[in-house]
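Colleague: I would like to go through the labels attached to this model and hear the reasoning behind each. Please start with the pockets.

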Amino acid sequence: MPSNETLLVFGATGQTGQHFTRLALEAGHRVRAVARTPAKMRISHDALKVVPGSITDTLDLDALLDGVDGVITMLGDAPAQRERPINTPFVQALVPAMRRGGARRLLYQAGGLSAAPGKPLALPLRAIRGTIARGYIGQHEDNEAVMRYLDQDAQDIAWTVHRAGIGSDGPSKGELRRSSSRISIGTFVDCAAYNLRALFDDSAVHTCDGSAYRRAA
């Protein structure tokens with residue numbers, strides 16, 4: 001994994017985002033974090049710059065992307081997404097701005113119950129989505145629209161989608177690995193570590209896979 005890259009992070013004050021920001025800084029990267037409420041950022045570091053803003057505001061994406069090597073989005077607002085897509089119009093504006101600024105790597109974190117383009121969810125996941133997770137249907141549909149857009153209109157960008165099975169904040173349970181067939185319920189710190197690795201993983205480019213812990217022998 002390279003170091004000394006400048007990363008633009010959306011969702012840096014969230015449960016996965018706080019861990020991601022810390023891990024990126026520890027790895028030697030510079031982090032530019034966009035936060036609706038900067039006071040929620042619990043990290044202080046010389047290589048961290050927190051920029052007030054929200055993807056639902058009018059952002060100067062060209063200024064935010066100046067000198068940026070990679071972009072990470074870990075965004076979700078289930079109540080708002082019940083009413084309308086939030087992430088899709090943002091990503092549709094972000095990708096052209098990345099082209100203008102020369103940033104080529106993008107990591108988009110979706111949920112494990114969001115189906116990859118052309119790949120229906122496994123029956124158990126469909127059952128969960130339609131029952132206990134039905135309150136998040138707008139979020140799943142928003143994620144799916146983002147993935148379709150990236151797949152159809154952003155092949156020139158080195159994007160990767162992580163369909164994460166995020167569970168709870170706790171200690172690491174091990175290393176999550178990319179999987180096209182399994183999704184483990186990971187802790188926030190393990191999902192963050194996976195996101196950082198996947199951002200620079202050339203073999204993951206243009207994939208919408210989940211992640212899973214190694215099965216016990």
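Modeller: The largest pocket is lined by 44 residues, and Leu-75, Gly-76, Asp-77, Gln-109 and Gln-139 lie nearest its centre. This is a predicted model.

Colleague: What is the volume of the largest pocket, and which elements give two or more residues to its lining?

Modeller: The volume is about 1,300 Å³. Helix H1 (15-26), strand E2 (30-35), E5, H5, H6 and E6 each give two or more residues to the lining.

Colleague: What makes a residue such as Gly-76 polar when the lining is sorted by class?

Modeller: Gly is counted among the polar residues, so Gly-76 goes into that class. The lining of the largest pocket then has 20 nonpolar, 20 polar and four charged residues.

Colleague: How is the second largest pocket described?

Modeller: About 220 Å³ of space lies in the second largest pocket. Its lining has 16 residues, with Ala-122, Leu-125, Arg-163, Ser-180 and Ser-181 nearest the centre. E9 supplies the largest share of that lining, three residues. By class there are eight nonpolar, four polar and four charged residues.

Colleague: Why is Gly-118 called exposed?

Modeller: Exposed means over 50% relative accessible area. Gly-118 has 81% relative accessibility, so Gly-118 counts as exposed. Gly-118 lies in the loop between strand E5 (105-111) and helix H5 (123-130). Gly-118 and Arg-148 are 30 residues apart in sequence, and their C-alpha atoms are 9.0 Å apart in space.

Colleague: Why is His-206 called partly exposed?

Modeller: The partly exposed class lies between buried, under 20%, and exposed, over 50%. At 29% relative accessibility, His-206 therefore counts as partly exposed. His-206 sits in the loop between helix H7 (188-199) and strand E9 (208-213).

Colleague: What is notable about phi of His-206?

Modeller: Phi of His-206 is near 65°, a positive value in a residue other than glycine. Most residues other than glycine have a negative phi.

Colleague: How do you know that Cys-191 is in no disulfide?

Modeller: A disulfide needs two cysteine sulfur atoms within 2.5 Å. The closest cysteine sulfur to that of Cys-191 is in Cys-208, 16 Å away, which is too far for a bond. Cys-208 is in no disulfide either, with the sulfur of Cys-191 as its nearest at 16 Å. By this rule the count comes to zero disulfides.

Colleague: Are these cysteines buried or exposed?

Modeller: Buried means under 20% relative accessible area. Cys-191 is at 0% and so counts as buried, and Cys-208, at 11%, is buried because its value also falls under the limit.

Colleague: What makes a group of residues a nonpolar core?

Modeller: The members must be buried residues of the listed nonpolar kinds, joined through side-chain atoms within 4.5 Å. The largest such core has 32 residues, of which Phe-10, Leu-65, Val-71, Leu-94 and Leu-150 touch the most other members. Elements giving two or more residues to this core include strand E1 (6-10), helix H2 (61-64), helix H4 (87-101) and helix H6 (137-153). H4 gives the most, with six residues. Apart from this core lies another, of 24 residues, among them Leu-48, Ile-72, Leu-176 and Tyr-213.

Colleague: Which residues is Val-71 in contact with, leaving aside its neighbours within four places in sequence?

Modeller: The contacts of Val-71 include Leu-8, Phe-10, Leu-65, Leu-94, Met-98, Leu-107 and Leu-199. Arg-105 and Leu-106 are in contact with Val-71 too. In soluble globular proteins, nonpolar side chains tend to be buried together.

Note on methods. Residues numbered from 1 in each chain as written. Predicted model: local features only at pLDDT ≥ 70, side-chain atom pairs only at ≥ 80, totals over all residues. Heavy atoms only, no water. Helix = DSSP H or I, 4+ residues; strand = E, 2+ residues; numbered from the N terminus. Buried < 20%, exposed > 50% of the residue type's maximum accessible area, 1.4 Å probe, protein only. Contact = heavy atoms within 4.5 Å. 1 Å grid on protein atoms, 1.4 Å probe; cavity = no way out; pocket = protein on both sides within 12 Å on 5 of 7 lines; lining within 4 Å. Points joined across faces, edges and corners; volume = space filled by probe spheres on them.
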